[in-house]
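Thanks for coming. I have one structure to go through, and I will take it piece by piece.

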Amino acid sequence: MSITTRAAVCRVPGQPWEITELELDEPRANEVRVKFFAAGLCHSDDHIQKGDAPMRLPVVGGHEGAGIVDAVGESVTRVKEGDHVTCSFIPACGKCRYCATGRQNLCDAGKNAGTGMFPDGTFRFHQGGEDFGGLCVLGTFSQYAVVHEFSVIKIPEEIGFDVAALVACGVPTGWGSAVRAGDVRAGHTVVIYGAGGVGSNAVQGARFAGAKNVVVVDPVPFKREMAELFGATHTFATAEEAQDFVRETTWGELADRAIITVGILHDEVIANAIKVVGKTGQVTITAVGNGWVNENPGMLIGYQRRIQGSIYGGCSPLVDVPMLIGLYQAGDLKLDELITRRYKLDEINEGYQDMLDGKNIRGVIIHEH
C-alpha cells in the first residue's frame, strides 16, 4: 500500500521548487520509511535546482533530514520502527573496499546519488505514472521518504530534529574539511574562504583541532560576525586583506591550510587559496561550481603544496556523526546557533532566496504533519 506525501520537487532546471503531492511506495527489503520532521536547506540542492549540477529530473529535493522510522522492510537490521534517525547523504554499506578502510564517504553504495534510483533500478516516489528520484536517494523535502537502511543513522531521542538534520551533511562536511580532509593540526594557521553553513563548521573544526589562527574570508558582514561566534580569530571581507594579514602574522611563512567552502566555486578563490599557503601547505576544496585549477606546477612543486578534493569532509558517517552529536551534547560544538531561520515547506523558495542573499547560515524546513 502506498501513501501520499507533500514534497518540494524540481522538474525543470531554473524553475522554482514546486510543492506537490506524490505517491510513495512501501519500503522493500533493506529499506525504511522515514517520517521527516526537519530538513536543511543546503546549497547543493540549489545547485540542482539552478541547473549548475546535472541530475536526473524530476527529483524530490533535500539530502539533510531527520525524523522517525515509521515502517521497515524485510531484512532491515540497522534501525527499527520508532527509532529517531538522521540521514547520511552518502550511504555507508560498511563492507565495500572504502568502508572497510575507514573511508565511508567514498562508499560504493553512493553511486546513484545523481539519479535518485534504488540499487534495483526502481524509484519510490511517483506521480501520474512518472517516477521521481530523491536527491542522493533521500528526498528530505518530502514529509515522508523511503530510503535504504545504509542511508540512516540512529540518534538519541533527546536531540532536536532541526539540529539532527544538520549533521546529515553541512556539519560533518565543514568539520571534516578542517579536521579530516584538511588535516588541521594544533598551532596551524588556517584560512577559510566562505562562512556559510559548511564554512562555519570548518571554523569550528579548525578551532577544536587547535589551530592558532582561524582566518575567515567572506564579503557578507553577518557571516563574518557569526564566524567569530564559531571560533574565527580574524575575519576579512577580501582575500587580499587576508593574504596581507597572513603574511604579516606568520613572518612570511604563510598559512598551513586553506579551505574553500564558498557557495559557488570559481577560479579566483582557488588561485587565492593556493597563494595563501606556504611550504607543505594544503588547499582543501569542498565547494562545488565551475572553478578550474589553473596554476603553474612550479607553484606546487617548489613549496610542496597540495590540493585536496573533499567530499563529506572526508568523514565516515557511522563514526563521525555520533561523535559530532556527542560533542554537541558536551557543549563543544555549536549547532543551535547554525540555524538562522525555520521555514514551512511552502516557504522553501523564500528560504533559498534568503540563503543566496547572505541572510542565513542555515535555514531549516520544519515539516507539518
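Arg11 has a relative accessibility of 32%, so Arg11 counts as partly exposed. Before going further: this is a predicted model, and every value I quote is computed from it. The partner of Arg11 is Glu18, in a salt bridge whose closest N and O atoms are 2.7 Å apart. Glu18 counts as partly exposed too, at 31% relative accessibility. As a reminder, side chains of opposite charge can pair when their charged atoms come close.

Now the strands around that pair. Strand E1 covers residues 3-10 and strand E2 covers residues 18-24. E1 and E2 pair in the antiparallel sense, over seven bridges. If you want a register to look at, find Ala8, whose bridge partner in E2 is Ile19.

What does E1 pair with besides E2? Strand E4, residues 59-60, is joined to E1 by two bridges, and these strands also run antiparallel. Here Val9 stands opposite Val60 in E4. E2 in turn pairs with strand E7, residues 125-127, in the antiparallel sense over two bridges. In that pairing, Glu23 stands opposite His126 in E7.

Which strands make up the closed barrel? There are five, running E1-E2-E7-E8-E4, and the pairing is mixed. For anyone who does not look at sheets often, strands pair through backbone hydrogen bonds, either parallel or antiparallel.

Back to the salt bridges. How many are there by the rule used here? The count comes to 19 salt bridges, and I will show two others.

One of them is between the side chains of Asp183 and Arg257, at 3.5 Å, N to O. Asp183 lies in the loop between helix H4 (170-179) and strand E11 (189-193), while Arg257 is in strand E14 (residues 255-260), so the pair ties together parts that are 74 residues apart in sequence. Are these two residues buried or exposed? Asp183 is partly exposed, with a relative accessible area of 25%. Arg257 is buried, at 7%; the cut-off for buried is under 20%.

The other is between Asp354 and Lys359, whose side chains meet at 4.0 Å, N to O. That value sits on the cut-off, because a salt bridge is called within 4 Å. Asp354 is buried, with a relative accessible area of 10%, whereas Lys359 is partly exposed at 49%. There is also a network: Arg28, Glu31, Asp120 and Arg124 are joined into one by salt bridges that share partners.

Next, charge on the surface. Glu240, Glu241, Asp267 and Glu268 gather in a patch of negative charge there. Which elements give two or more residues to this negative patch? They are helix H7 (239-249) and helix H8 (267-276). Glu240 is in helix H7 and is partly exposed, with a relative accessible area of 47%.

Last, one contact across the sequence. Glu337 is in the loop between helix H10 (317-329) and strand E17 (339-343). Glu337 is partly exposed, with a relative accessible area of 33%. How far apart are Glu337 and Val163? In sequence they are 174 residues apart, and in space 9.5 Å apart, C-alpha to C-alpha.

That is the end of the tour. If we put the model back on the screen, I would start with the closed barrel of five strands, then go to the salt bridge between Asp183 and Arg257, and finish on the negative patch with Glu240, Glu241, Asp267 and Glu268.

Note on methods: Residues numbered from 1 in each chain as written. Predicted model: local features only at pLDDT ≥ 70, side-chain atom pairs only at ≥ 80, totals over all residues. Heavy atoms only, no water. Patch = residues over 30% accessible without salt bridge, like charges linked within 9 Å, V, L, I, M, F, W, Y side chains within 5 Å. Areas by Shrake-Rupley, 256 points an atom, 1.4 Å probe, with all protein chains shown as cover. Lys, Arg positive; Asp, Glu negative; His and termini not counted. Charge placed at Lys NZ, Arg CZ, Asp CG, Glu CD. Helix = DSSP H or I, 4+ residues; strand = E, 2+ residues; numbered from the N terminus. Buried < 20%, exposed > 50% of the residue type's maximum accessible area, 1.4 Å probe, protein only. Pairing = 2+ DSSP bridges.
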